[in-house]
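Here is my note on the model you asked me to look over, set out as numbered points. I begin with helix packing and then turn to individual residues and the chain as a whole.

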Amino acid sequence: MNKVKDSRVVPSTRSDLMRWAAVAGIAGPVLFTLGFLAQEQLRRGEYDPISEVVSALEAGTHGWIQQVNFVVLGVLTMIFAVGLHRGLAPSRAGIVGPVALFISGAANVLGAIFPLREDAAGATYDPGGHQISGTLFFASSFIALIALSHRCAADPRWRNIAGWMLAAGVLAALSFPLMGALVIPDDAPLHDMAGLA
């Protein structure tokens, strides 16, 4: 057999798998953002992006679109997490960041399994599970960023972004309790700007 024919039967190399994981990591947030921005335009008058969180798009007759959006983001994030683990230089406790990112992706899928709903008056509510999946998503996301920043700092190829990742993780960690106290509860002072926050 010649080399060309042999290369066609050889399974994907590690670099091919890493490339697909990287594409998943880029595509997930882009598709998710395009998905909810399109829904905002299509659902003008029934959804307010300033006062309502993105999860509120799951309520109503077209809520299944946002559920699919959450699943796509979740699955692509989990693929990306596996790729990061395999692609970054190993470090002590290096599994923490990819595992936290994988959990973040799984939490998005749970957010679709336990969607927000709309009552007879048109108000959005959580019938159970969505708030837990949201908390899991946000908490695991900032843990992932902080942990991955340490792993990137140990890898010469990614050292230059480690500080940015750490800063993003710390800001997300600080905003997490602030959102829980000042924005999310119905009687919170900034509740009317929950979507913006």
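**Notes on the predicted model**

1. In this predicted model, helix α5 (residues 130-153) and helix α6 (residues 159-182) have axes that come within 8 Å and cross at roughly 155°. Because angles over 145 degrees count as roughly antiparallel, α5 is described as roughly antiparallel to α6. The crossing of these two helices, α5 and α6, is left-handed.

2. The contact itself can be followed residue by residue: on the α5 side the participants include Thr135, Phe138, Phe142, Leu145, Ile146 and Cys152, while on the α6 side they include Arg159, Ile161, Met165, Leu166, Val170 and Phe176. Sorted by character, the residues of the contact of α5 with α6 comprise 17 nonpolar, 3 polar and 1 charged.

3. A second helix pair deserves a parallel description. The axes of α3 and helix α4 (residues 96-113) lie 7 Å apart, and the two helices pack at an angle of about 165°, which means that α3 is roughly antiparallel to α4. Here, too, the handedness is given: α3 passes α4 in a left-handed crossing. The residues in the contact of α3 with α4 divide into 15 nonpolar and 6 polar, with no charged residue among them.

4. Between α3 and α4 there is a loop, and Ala93 lies in this loop. The backbone at Ala93 merits inspection, since it has a positive phi of about 60° although the residue is not a glycine. As background, most residues other than glycine have a negative phi. Is Ala93 buried or exposed? With a relative accessibility of 57%, Ala93 counts as exposed.

5. Arg43 should be looked at in its own surroundings, being placed in the loop between α2 (14-42) and α3 (63-87). Its relative accessible area is 5%, and because buried means under 20%, Arg43 is classed as buried. Which residues does Arg43 contact once its neighbours within four places in sequence are left aside? They are Leu57, Ala59, Gly60, His62 and Gly63.

6. His130 is a further buried residue, with a relative accessibility of 7%, and its place is in helix α5. Not counting residues up to four places away in sequence, His130 touches Ser55, Glu58, Phe70, Gly111, Phe114, Pro115 and Leu116. Of these partners, Phe70 falls within the span of α3 (63-87), and Gly111 falls within that of α4 (residues 96-113).

7. Turning to the chain as a whole, it contains 6 helices and 2 strands, and, read along the sequence, these elements follow the pattern α-α-α-α-β-β-α-α. The two strands therefore stand between α4 and α5 in that order. Along the principal axes, the C-alpha atoms fill a box of roughly 70 × 40 × 25 Å.

8. Some overall values complete the description. Of the 197 residues in the chain, 32% are buried, and the chain exposes about 11800 Å², of which carbon and sulfur atoms supply 70%. When contacts between residues at least 6 apart in sequence are considered, 62% of them join residues at least 24 apart.

Note on methods: Residues are numbered from 1 along each chain as its sequence is written. This is a predicted model: local features need pLDDT of at least 70, side-chain atom pairs count only at pLDDT 80 or more; totals for chains, interfaces and linings use all residues. Side-chain values use heavy atoms; hydrogens and water are left out. Axes are lines fitted to C-alpha atoms, for helices over the stretch in contact, and angles run from 0 to 180 degrees between N-to-C directions. Helices (H or I, at least four residues) and strands (E, at least two) are DSSP runs, numbered from the N terminus. Angles under 35 degrees count as roughly parallel, over 145 as roughly antiparallel, 65 to 115 as roughly perpendicular and the rest as oblique. A crossing is left-handed if the near helix is turned anticlockwise from the far one by less than a right angle, and right-handed if clockwise. Contact means heavy atoms within 4.5 Å. Ala, Val, Leu, Ile, Met, Phe, Trp, Tyr, Cys and Pro count as nonpolar, Asp, Glu, Lys and Arg as charged, and the others, Gly among them, as polar. Buried means under 20% relative accessible area, exposed over 50%, partly exposed in between (1.4 Å probe, protein chains only). Accessible areas come from the Shrake-Rupley method with a 1.4 Å probe; for residues, only the protein chains shown count as cover.
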